[in-house]
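Here's a quick look at how some helices pack in this one. Load it up and follow along.

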Amino acid sequence: MAEARKKIQLKNYINGSFRDPSSGNYLNNYNPAIGELYALTPDSNEDDVNLAVKAAEMAFPLWSKMPIESRSRIMTRIADLIEQNLDILASAETDDTGKPLSLSNEVDIPRSAANFRFFANAISLFSSESHAMNDAVNYTLRKPIGVVACISPWNLPLYLFTWKIAPALAAGNCVVAKPSEVTPRTAFLLSKICDEAGLPHGVLNIVHGLGTTVGKAMVEHPNVKAISFTGGTETGRTIAAAAAPMFKKVSLELGGKNPNIIFADADLDKAIDTSVLSSFRNQGQICLCGSRIYVQRPVYERFKTEFMAKSYMLKVGDPRDPSTNIGSVVSEAHMKKILEHIEIAKKEGGEILLGGNQLKLKGRCEHGWFIHPTIIEGLPIDCRTNQEEIFGPVVTIQPFETEEEVMALANGTNYGLSASIWTNDIKRATRMADEIDAGIVWINTWMKRDLRTPFGGMKQSGLGREGGLEALRFFTEPKNVCIQY
Ligand code: NDP
């Protein structure tokens, strides 16, 4: 117990106050790069969720009726404070996830600020429709829904947490939010920032804990009107099933098994460099990573050789070392899951071209959970390795001959989140973009994001779209008013 007291102790943020969980229990939170327990997260339960929903309901009349300019000003202040606290937030994100500090500094935290700034501005430009008839006019109101739930995963903790919370708040809703219990630290720091920014009490409530208790209670609470969820497909299915009988609005951003297609006429140097990133960035733990690489036969050997060489050069190491490209994966359990998938790939007949095992570092990270970037060749589309999301630094690579063949491969899974196509033939690029089963298609690039665009997947990659006006539409209820002249 004396040992436990030394750890950072996080608290729930409910009705503007920092509270212990009603159970008095805490969950262990590990720094995966050093394999050490370093913080304690509230193990909240239904009672805490009930308090949070009550607080959100009480805050709703004030927040929803507040002039847009005032709401926007508070959200801009939150964005400013995220930027001012960049070092603290980036350091916390890296300790929680094991991702390179450079990535937290350059991507995760700046994007979290950008999410608040973007939606603070977007709400002032949000307009609704009007439809004129000969003898009447219709206008559509877009009203905030009320209390909404935001549930996010561990791979891009603050980035995805704020991607949900910001549009929900901008549209005038009050929020009960839960970060992943695996990576709760920056969500806790965000609650302090919101307090400092003067966000009225109860407008945002952050309840820490397990998905199966806190997440479930949020989804099932009768006064939570909408759920915005990002996470695994199976969890999404559970949430959809729970929400359906209550007719709640749901937005589900789920898993992916994204194809990365390289034609022989592509700019190969660029395709190789970007494929190294799209395969292994954030240890391959981005839902948009291209985990199935298809290369047209004439350039297959060259692509493979150079891709392997550049992947081999990636430095797997201490996330705090500025020269590190790949940090640790998020947890020991996740590392074991990835290694199990690699064993399955071997049993399925895959040849491990690179990596394939855990990496033991020396020094500060000797007990951390690291995996070599792994490239696997020789597997058919219908095997588990090519069908199931591994969500780690593992990709498969395979040659193809024709556009028809690669289109069938690309569309040959139950997922449909994103796809990258590398070609200099614009007709082929647009034809394929049209036919591929993906909510997001990149041509000659990857992960280029404009926050105004619709974001999300089809098939088992999700339901609904986030981003820009799509998010503001999700977080509002349309009401048509018809006036007879
Ligand atoms: P999970 O589905 O396990 O968890 C996501 C969140 O849901 C966590 O906060 C989790 O809590 C919570 N949760 C778990 N069970 C329930 C439940 N029954 N009711 C309500 N909430 C619940 O996903 P991971 O955290 O493992 O994240 C990885 C997954 O996220 C991958 O599949 C990845 O593809 C997907 N993802 C999708 C993105 C997209 O935009 N499409 C973007 C990023 C990731 P707890 O932490 O306690 O488990």
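## α3 against α7

In this predicted model, helix α3 (residues 68–84) and helix α7 (residues 185–197) have axes that come within 9 Å and cross at roughly 130°. Angles over 115 and up to 145 degrees count as oblique, so α3 is oblique to α7. The crossing itself is right-handed.

Who's doing the touching? On the α3 side, I74, R77, I78, L81 and I82 make the contact, and α7 brings L190, I193, C194, E196 and A197. Sort those by class and you get 8 nonpolar and 2 charged residues, with no polar ones. As for the spacing along each helix, an α-helix has 3.6 residues a turn, so residues three or four places apart point the same way.

## α5 and its kink

Helix α5 (residues 101–125) has 25 residues, so at 1.5 Å a residue the expected span is 36 Å; the end C-alpha atoms sit 35 Å apart, which agrees. There's also a bend to look for: α5 has a kink of about 25°, centred on R111.

## α10 against α11

Next up are helix α10 (residues 268–280) and helix α11 (residues 297–312), which pack at an angle of about 50° with axes 10 Å apart. That angle makes α10 oblique to α11, and the crossing is right-handed.

From α10, the residues involved are L268, D269, A271, I272, D273, S275, V276, S279 and F280; they meet V299, R302, F303, E306, F307, K310 and S311 of α11. What's the class breakdown of the contact of α10 with α11? It comes to 8 nonpolar, 3 polar and 5 charged residues.

Conventions. Residues are numbered from 1 along each chain as its sequence is written. This is a predicted model: local features need pLDDT of at least 70, side-chain atom pairs count only at pLDDT 80 or more; totals for chains, interfaces and linings use all residues. Side-chain values use heavy atoms; hydrogens and water are left out. Axes are lines fitted to C-alpha atoms, for helices over the stretch in contact, and angles run from 0 to 180 degrees between N-to-C directions. Helices (H or I, at least four residues) and strands (E, at least two) are DSSP runs, numbered from the N terminus. Angles under 35 degrees count as roughly parallel, over 145 as roughly antiparallel, 65 to 115 as roughly perpendicular and the rest as oblique. A crossing is left-handed if the near helix is turned anticlockwise from the far one by less than a right angle, and right-handed if clockwise. Contact means heavy atoms within 4.5 Å. Ala, Val, Leu, Ile, Met, Phe, Trp, Tyr, Cys and Pro count as nonpolar, Asp, Glu, Lys and Arg as charged, and the others, Gly among them, as polar. The expected span of a helix is 1.5 Å times one less than its number of residues. The bend at a residue is the angle between axes fitted to the seven residues ending there and the seven starting there.
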